[in-house]
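Okay, hi everyone, I'll keep this short. Let me put the structure up, and then we'll walk through a few spots together.

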Amino acid sequence: MNSLWLVITALAAFLVAYRFYGAFLAAKVAVLNDKNITPAHRLRDGVDYHPTKKIVLFGHHFAAIAGPGPLIGPVLASQWGYFPGFAWIVIGACIAGGVHDFVVLTASVRQDGLTLPKIARNTIGPVAGATTAIATLFIVIAVLASVAIVVVKALSHSSWGMFTILVTIPAALLTGAWMYKIRPGKVGEASVVGVTIVMLGVFLGKPFADSGLGHYLIFTEETLSILLPMYAAVASILPVWVLMCPRDYLSSYMKIGVIAVLAFGIFVAQPELKMPATTPFLGGGGPVVSGAVWPFVCIVIMCGALSGFHALIASGTTPKMINKESDIKPIGYGAMLLEGFVALTALVAACALEPGDYFRINTPESNPAEVAKYEAMVVSAKQQYDWDLTPKELPALEKGVQETLVGRTGGAVTLAVGMAKVFSSLPLMKSMMAYWYHFVIMFEALFILTLLETGTRVARFVFQETLAQFNPRYQLGHHPNWALNVTMSVVVCGLWGGLLYIGNLDTLWRMLGIANQLLATIALAVGTTYLLQHAPKRIYALCTGVPLVFALVTTFTAAVQSIQMWWQTPESDPTRLFLTRLACALAAIMLALTVVIALDTVRRCYVLLLNGRPAAELSVREPA
């Protein structure tokens, strides 16, 4: 099938959804009003609360929410064929993910930029608030460890990739200084400076790697597992305008630019989708994801359709920087649709590879048992389904990107190869395949690093708001508490860094999907209750209520199946056995916490539907 049809269909759906459903949410459901003063102005402290131009904040928000999910998830989901992933991305982004992000961001802006647990306490009750705080901390630790391991896999033993990533740090620092100190407000000038430095990092990476200094930036996975938490701690402590916001802004340029070029490449080259619409692995037993297409396509593809992590950003850094309420629609709903398009292009890039090449790259072959399992899968596919999964173009691809590709699991490498293949099919680009490959690896890692520093900062917010209940001097806003900022950032990074150091990709990514979608379920529960309390018509609560029911059933099914699978998997290695048992325990705890929140939400909604909305509740930051 020609990939162009998928792209055109998705673009049309996203444009229609933004024009009509997004406008409905803004005008009728939330009743956005620029006369309301946002927390960025009322509580301005120059560290976390800081009014930010819409285009810059859109860049931060998009970069923060668009971590590995829309890039890696569709690649892994390609084992089921292109249609399941395509359907979930388009429907999920328009009806579930966009609404989820928009409602949470609106609720946070209307309540002083509070995080999800505090919003849950205000809208549902103290039980849900406390439970959401505990669940959020559990989930964010699992999420950060799970996404960090993708960076570790992509950058280990890659001097070119490490050089490019390191160059982005001074680029972001200079961009932030230019926008806020050297030439305040000159966003265009700062953008040119920052993007130029980042592009120089890409092109100078190869000569550096080939020089005598290249070996200094070759790190093992263990070393990177220590360096990443250290970096995230520093980045999350610094004021938002110094590193995080300008880096996210530059990252958004990179991602939007690359996706635009990829979309252009798809329109010009019109690559055929080599992967069929559905594969024999729909019922389970696939080499990349062992579960069946439902519920696991909704678990594997997170950020491109529905993602609980977005609720942490929409109630974390972004609401503290919203300049005016009308910015909520493009930032909350619009950024989600753009991320859905990113996920679609990643799906196209992966499915444009020959199936044999795709499975050879994504099937682990680190020991003889895994090699034998892969070979048996190839034979079985040929005998049972007459499906030839022997690699076709893999040697040429390895020569083109100048890297070994066999057994490079995790999705990041597959996406980079697929995108480099599309790019190199364009006129005058055939000799630049290696540069495209390493450029894509860089921008994947760049966005994951953005997610790490933003996620760590949000976890710090949750800790501080919890402590503020016992001591008012820990309250966020007006005056930063540097001692607490540093302490909490180090604690958070130590927790997810420890899990990263002992973890493996298979277990962590599955746990990431479950944790992430459980958080989405919690956020939708909070959003539904919030709309029952504050929307002009209570029927508008169905905007989040319908996705809530679907997410609840889907995620609980996936979690139960995963716990059963992990517990029954035989493991002779003590470390892997400990990790699988830890994954079972964490997933079970998160399930239990979500059950408590869901039941408390049902109780609160019943009371609201039975008795109506008290006047005291209607007074919480309602539009003027």
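So, let's start with helix α6, residues 116-123. Of its 8 residues, 6 are buried, so the rest of the structure largely encloses this helix. This is a predicted model, by the way, so please hear everything today in that light. Which residues of α6 are the buried ones? They are Leu 116, Pro 117, Lys 118, Ile 119, Ala 120 and Thr 123. And yes, there's a lysine in that list: Lys 118 counts as buried.

Now look at what sits on either side of α6. Just after the helix, Gly 125 takes a positive phi of about 155°. On the other side, in the loop between α5 (82-109) and α6, you'll find Asp 112. Asp 112 isn't a glycine, yet its phi is positive too, at about 60°. As a reminder, most residues other than glycine have a negative phi. Is Asp 112 buried or exposed? Well, neither: its relative accessible area is 25%, which means it counts as partly exposed.

There's another aspartate to put beside that one. Asp 386 has a positive phi of about 55°, and again it's not a glycine. Where is Asp 386 found? It's in the loop between α16 (368-385) and α17. Asp 386 has 58% relative accessibility, so this one counts as exposed.

Since we've got to α17, let's stay there for a second. That helix covers residues 394-401, and Pro 395 is in it. Pro 395 is exposed as well, because its relative accessible area comes to 59%. If you want a feel for distances, take Pro 395 and Leu 548: they're 153 residues apart in sequence, and their C-alpha atoms are 46 Å apart in space.

Another proline, another story. The peptide bond from Trp 294 to Pro 295 is cis, with omega near 15°. Most peptide bonds are trans, as you all know. Pro 295 belongs to helix α12, residues 293-300.

Okay, now for a buried polar side chain. Gln 517 lies in helix α21, which runs over residues 505-534. Its relative accessibility is 3%, so Gln 517 counts as buried. What does the side chain of Gln 517 reach? The backbone oxygen of Leu 306, at 3.0 Å. Leaving out residues up to four places away in sequence, Gln 517 touches quite a list, including Trp 88, Cys 298, Ile 299, Met 302, Gly 308 and Thr 555. Two of those names, Cys 298 and Ile 299, fall inside α12, the helix we just met with Pro 295.

Let's zoom out to finish. The chain has 24 helices and 0 strands. Along its principal axes, the C-alpha trace spans about 70 × 55 × 50 Å. For 624 residues, a compact globule would have a radius of gyration near 25 Å, and the chain has 23 Å, so the two agree. As for burial, 62% of the residues count as buried. Taking contacts with a separation of 6 or more, 86% are between residues 24 or more positions apart.

And the surface? The chain exposes about 22100 Å², with carbon and sulfur atoms supplying 68% of that. On charge, there are 41 positive and 33 negative ones, and their mean positions are 10 Å apart.

That's my tour, thanks for listening.

Note on methods. Residues numbered from 1 in each chain as written. Predicted model: local features only at pLDDT ≥ 70, side-chain atom pairs only at ≥ 80, totals over all residues. Heavy atoms only, no water. Helix = DSSP H or I, 4+ residues; strand = E, 2+ residues; numbered from the N terminus. Rg over C-alpha atoms; globule rule 2.2 N^0.38 Å. Buried < 20%, exposed > 50% of the residue type's maximum accessible area, 1.4 Å probe, protein only. Contact = heavy atoms within 4.5 Å. Areas by Shrake-Rupley, 256 points an atom, 1.4 Å probe, with all protein chains shown as cover. Lys, Arg positive; Asp, Glu negative; His and termini not counted. Charge placed at Lys NZ, Arg CZ, Asp CG, Glu CD. Polar contact = N/O pair within 3.5 Å; in protein donor to acceptor, adjacent residues only side chain to side chain.
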